[in-house]
Amino acid sequence: MSENGLTQAQAKMREAGVAAEAIDVFTHYYRALEEGATGLIPEDTIEPLTSIDSIDDVQVDQEAAREALGRTVLIKLNGGLGTSMGMDRAKSLLPVREGRTFLDILVAQVRAARRAHGVSLPLILMNSFRTRRETLEALAAYPDLAVEGLPLDFLQNQEPKLRQDDLSPVEWPADPELEWCPPGHGDIYTALMASGVLDALIERGYRYAMTSNSDNLGAAPSAGIAGWFAASGAPYAAEMCRRTPADVKGGHLAVRKADGRIILRDTAQTPAEEMHYFTDQFRHPFFHTNNLWFDLRVLRETLIERRGILGLPLIRNTKTVDPADPGSTPVVQIETAMGAAVEAFEGATAIEVPRSRFLPVKTTNDLLLLRSDAYELDDSGMLAQVARPACTVSLDSRFYKTIKDFEARFPHGAPSLREAVRLSVAGDWTFGEGVVATGEAVLTEDGSPGRVADGARI
C-alpha cells in the first residue's frame, strides 16, 4: 500500500514541477519512514558535548577576517509565515522597530557590513512558495542590494503531506495548498544545488556560507566569525550559546557513541520519557542557535558524491492537514533540520558565541521585548541590549497570541521594560501610553478586561 503511496507522491511532485533532486531526497526519506524510522535519538546513544571554544577567546587577524567575509554569502531562511502568531504572510515583513521590518533590518545589517569591510556580501533568501512574491516586492525598495550574477532568492522545495493511515498523499479539496508542506529547513542544501545557486556562487569565487533564520536579528554578518571559520579549515560549524533555565526547547549538539560524530538532537528527536535529559542545562550546557557556517565547495563535492542525498536524520512530524482544524485528516510531514548536517561532514565543529547573536522572535512575548526600550537599534541594524538582565515576558496566550490581538492591546507600542526583571500578564489588559514596568511586574486576571492607565508604573 505504501509503495503505491510513494508512486502517487512522486507523480504529484513531478506534476507540480518539483526539482528531480528534491524528489530523490523525498523518496529516500519515504522509504525510511515506511521502514519504521522515527528519528528518535535516545540518551544512552550519545555523550553530551560539554566543552567548545568561544569566539571571545579567538584571535583573528583583521585583514584575514575581511578577506574571509569577502568570500562569504549570507543566506537567510525566509519560508515562514508566522502562523504561530496568527499571520498568513512572510514573517520577515512584520514590523519590529520604528516601523522597520525584519527584512528592512537585515538589509541594513548587510549594507553596514559591506561599507565597513569593503566586501560584496550577497544576501540571498531561501523563500517558500508562500513567501516569495511579497518578499521580492519588498526588496524592490533596495535596488542596490543584488550582487551581479546572483539572484536575491531561491525557492525551498515542497512535498506532499502524507496520510498517517497509509502514507498516501493527502487530498484536501477545501484548500489544496494545505496538501503541501516544506521539507524542513534541512532542504536548504538540496535547494541550493537544484536551483543552480550553489554553482553560481562557487563560479563567482564565493567559498563560505553563513545561514540563519530571518527572524533572528542577532545573527548579523560577522567578519570575526568568518575569519575564524576560514582559518579552522572545518567544512561546517554551528554557533552555540550557553544555556540558561529559559532555554529548554532549543536543540543541542552531542557526540554519537557509535562513531564519535557530532550530531544535532532536537526536541522532536528526543523520546518523551527522556525529555528531562534534554532540558538539563548542566548535562547539555549549550543550545543550537541555527546560525550555521559551511564550505560551499565541500557541500557541492559531498552532494555529488552522495547523489544529492546528505542523509540527514529523519524528523517524523505528525499534524493534521489543516493545522487550524484538529478534526481534519491526520498527516505525517517528512522533515529534516539543516543543523543536522553537522554529522554529514568529517571535521565539523562548533563555536560558542555571545547571547546577542540569538534574538529570534517566535512569539509575541519575544516581539514585545524587542520593541521595548530594553533594546536599542542603531543605524547599522544592530540591536543592542541595554537592560541587564533582559526582562522575561509572559503574556496570556488567550489574549495576546496572535499579532492582531497583540497589536490591539498595545495601541501605543511596548511599555518601558528597561527597569523590569519580569512582565507577567494574566487576563485581558490593554496598555495605555507611557506605561513603565519595574522589577517583578505582574498583572493578574482580577479586574480584567481592563486598561493600564497612561503613565502607570506596574
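Begin by selecting Val-25, Tyr-29, Asp-187, Thr-190 and Thr-336, which lie nearest the centre of the largest cavity, a space lined by 22 residues. The elements that give two or more residues to this lining are α2 (20–34), α6 (188–195) and β16 (330–335), so colouring these three runs is a convenient way to frame the view. Bear in mind throughout that the model is predicted.

With that cavity in view, note that its volume is about 220 Å³, and that α2 gives the most to the lining, with four residues. If you colour the lining by class, you should find 12 nonpolar, seven polar and three charged residues.

Next, move to the other enclosed space, for the structure holds two cavities of 30 Å³ or more. The second largest cavity has a volume of about 30 Å³, and to display its lining you can select Arg-114, Pro-122, Leu-123, Ile-124, Leu-145, Ala-146, Val-147, Leu-150, Pro-151 and Leu-152. Sorted by class, this lining has nine nonpolar residues, no polar ones and one charged residue.

Now leave the cavities for the annotated positions. The UniProt record, an unreviewed entry, places the feature "binding site" at Lys-91, Gln-156, Gly-184, Asp-215 and Lys-362. Of these residues, Gln-156 is included in the lining of the second largest pocket.

Centre the view on Gln-156, which sits in the loop between β6 (153–155) and β7 (159–160). Is this residue buried or exposed? Gln-156 is buried, because its relative accessible area is 10%, under the 20% cut-off. Leaving aside neighbours within four places in sequence, show the residues in contact with Gln-156, which are Gly-79, Met-126, Asn-127, Ser-128, Pro-182, Pro-183, Gly-184, His-185, Asp-187 and Ala-191. Among them are Gly-184, another position carrying the "binding site" feature in the UniProt record, and Asp-187, already selected as one of the residues nearest the centre of the largest cavity.

Finally, select Asp-215, found in the loop between β10 (208–213) and α8 (223–232). Asp-215 counts as buried because its relative accessibility is 5%. Not counting residues up to four places away in sequence, Asp-215 touches Lys-91, Phe-102, Leu-359, Pro-360, Val-361 and Lys-362, and of these Lys-91 and Lys-362 also appear in the UniProt "binding site" feature. Which residue's side chain does a polar contact join to that of Asp-215? Draw the distance to the side chain of Lys-91, where the polar contact is 2.7 Å.

Notes:
Residues numbered from 1 in each chain as written. Predicted model: local features only at pLDDT ≥ 70, side-chain atom pairs only at ≥ 80, totals over all residues. Heavy atoms only, no water. UniProt positions renumbered as here; feature names shortened; annotations may be inferred. 1 Å grid on protein atoms, 1.4 Å probe; cavity = no way out; pocket = protein on both sides within 12 Å on 5 of 7 lines; lining within 4 Å. Buried < 20%, exposed > 50% of the residue type's maximum accessible area, 1.4 Å probe, protein only. Contact = heavy atoms within 4.5 Å. Polar contact = N/O pair within 3.5 Å; in protein donor to acceptor, adjacent residues only side chain to side chain. Points joined across faces, edges and corners; volume = space filled by probe spheres on them. Nonpolar A, V, L, I, M, F, W, Y, C, P; charged D, E, K, R; others polar.
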